[in-house]
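Q: I've got this fold up on my screen and I'd like a close look at one spot in it, then a walk outwards to see how that spot fits with the rest. Please start with who touches whom.

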Amino acid sequence: MENIKAYGVLNAAQPLGPMQISRRDIGANDVAIDIAYCGVCHSDIHQARNEWGNSIYPMVPGHEIVGKVTAVGAHVKRFKPGDRAGVGCLVDSCRECIDCKDNLEQFCSRPIFTYNCLEKDNKTIAQGGYSTKIVVHQDFVLRIPENLALDKTAPLLCAGITTYSPLRHWNAGPGKRVAIIGLGGLGHMAVKLAHAMGAEVTVLSRTLDKKDDAKRLGADHVHATNDPTTFAKLSRHFDLIINTVSVKLDWGQYLGLLKRDGSMVLLGVPSEAPQLHAFPLIMARRSLAGSLIGGLKETQEMLDFCGKHKITADIELIPMGKINEAFERVIKADVKYRFVIDINSLK
């Protein structure tokens, strides 16, 4: 076991602060990574503050991890010291269920998340990327394309795959009209990816304040949802809507923007359960669906796609000492569009 520096919390009321955690010795199938950067996800805040009611303490958040391999186990063939590597939201799974066998480990009945989860021994608390090092089974380590800046690549490990997976699953591409609700950490990635896939991309934002940014990121159109004419003008217009926000919306109103057989996919989780009448669904055979990150195979596919199209996140790089301030700014949506921690500031 190796003791390393980290930032985390001991309870829900505490701000993040310095702590030491242990990383296991490298096993035959393990990869040790010296963490360079870690992205800040809104779920880090929810879990650090126990807002979902399932938090395990002590907790070191962080599941958008990139760095360089420092050592590998005897059975590791895919990585060697010096390689650029990443770790996302999962560090293991049961490997036996139908979802794991279908390369959809995110839907495993016993997923091992990067933090706020018990490891396979059912007693060790998994700790995340707000730390200097991590040791992960080779099957859950990802290759980072050489042409992508490491700091701007970190958010791809959550925000990138969270948006790529539904876009790919629902066949976004040439000839498809795709709407993105919200232009934040998830939304800005959805715009970039949908544009690179060849879809006609529309951003639906409360106001037009982010219109110029949306166009720069690849949006073809931007519409304000506080304009009552928007919903009439865009009625039955889209093949696919990606809802990236976690605020309460009138889902029925947005479903009305879909063509027959269109789908709206939920990525955010509102604090209140919205009510939905059946008519917006049944009158045009529309679907309301959800999506959760992606499996390891698809996450690597996403990274390779981003390498091919030179896609990274728009970030604000911060030292670890600014993390509590960053949490408050995330809550206020005061970042364009993802915070990334420079882990060198912790070493």
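A: Let's start at L317, which touches Y37, D151, V340, I341 and D342, leaving out residues up to four places away in sequence. Keep in mind as you look that this is a predicted model. L317 sits in strand 18, which covers residues 315–319. Three of the residues L317 touches, V340, I341 and D342, fall within the range of strand 19 (338–342). How buried or exposed is L317? With a relative accessible area of 39%, L317 counts as partly exposed, because that value lies between the 20% and 50% cut-offs. For a sense of distance, try T229: it is 88 residues from L317 along the chain, and the two C-alpha atoms are separated by 39 Å.

Now step back along the chain from strand 18. The loop between helix 10 (296–309) and strand 18 (315–319) holds K310. K310 has a positive phi, near 55 degrees, even though it isn't a glycine. Most residues other than glycine have a negative phi, and most peptide bonds are trans. K310 is exposed, with a relative accessible area of 66%, so it is over the 50% cut-off. There's another residue of this kind at R95, also not a glycine, with a positive phi of about 70 degrees. You'll find R95 in the loop between strand 6 (90–92) and helix 2 (98–101). R95 is partly exposed, at 31% relative accessible area.

Going the other way from L317, you come to helix 11 (323–331). N324 is part of helix 11, and this is a nice place to see sequence and space part ways. N324 and L16 are 308 residues apart along the chain, yet their C-alpha atoms are separated by 6.4 Å. Setting aside neighbours within four places in sequence, N324 is in contact with P15 and L16. N324 is partly exposed, with a relative accessible area of 27%.

Past helix 11 there's a backbone oddity. K336 and Y337 are joined by a cis peptide bond, with omega at about -5 degrees. Y337 lies in the loop between helix 11 (323–331) and strand 19 (338–342), the strand whose range takes in those L317 contacts V340, I341 and D342. A cis bond also joins Y57 and P58, again with omega at about -5 degrees. P58 is in the loop between helix 1 (42–48) and strand 4 (65–72).

For contrast with partly exposed L317, have a look at I134. I134 is in strand 10 (residues 133–137) and has 2% relative accessibility, so it counts as buried, being under the 20% cut-off. I134 touches R23, V31, A32, I33, I35, I65, V87, T114 and Q127, not counting residues up to four places away in sequence. L90 is 44 residues from I134 in sequence, and 13 Å away in space, C-alpha to C-alpha.

That brings us to the inside of the protein. In soluble globular proteins, nonpolar side chains tend to be buried together. Here the largest nonpolar core has 94 residues, and Y130, L167, V178 and I323 touch the most other members. Helix 5 (residues 185–197) supplies the largest share of this core, seven residues. To follow one of the well-connected members, click on V178: beyond four places in sequence, V178 touches L167, A172, A194, A199, E200, V201, T202, F238, L240 and I242. There's also a second, separate core of 16 residues, which includes A179, L249, L257 and L258.

Finally, zoom all the way out. The chain has eleven helices and 19 strands, and 57% of its 347 residues count as buried. Among contacts between residues at least 6 apart in sequence, 66% join residues at least 24 apart; the N324–L16 pair, 308 residues apart, shows that sort of spacing. The radius of gyration is 20 Å, which agrees with the value near 20 Å for a compact globule of 347 residues. The C-alpha atoms fill a box of roughly 60 × 40 × 35 Å along the principal axes. On the surface, about 15,200 Å² is exposed, and carbon and sulfur atoms supply 50% of that. As for charge, there are 42 positive and 37 negative side chains, and the centres of the two sets lie 4 Å apart.

Methods. Residues are numbered from 1 along each chain as its sequence is written. This is a predicted model: local features need pLDDT of at least 70, side-chain atom pairs count only at pLDDT 80 or more; totals for chains, interfaces and linings use all residues. Side-chain values use heavy atoms; hydrogens and water are left out. A nonpolar core is a set of buried Ala, Val, Leu, Ile, Met, Phe, Trp, Tyr and Cys residues joined through side-chain atoms within 4.5 Å. Buried means under 20% relative accessible area, exposed over 50%, partly exposed in between (1.4 Å probe, protein chains only). Helices (H or I, at least four residues) and strands (E, at least two) are DSSP runs, numbered from the N terminus. Contact means heavy atoms within 4.5 Å. The radius of gyration is taken over C-alpha atoms; the globule rule is 2.2 Å times the number of residues to the power 0.38. Accessible areas come from the Shrake-Rupley method with a 1.4 Å probe; for residues, only the protein chains shown count as cover. Lys and Arg count as positive and Asp and Glu as negative; His and the chain ends are not counted. The place of a charge is taken as NZ of Lys, CZ of Arg, CG of Asp or CD of Glu.
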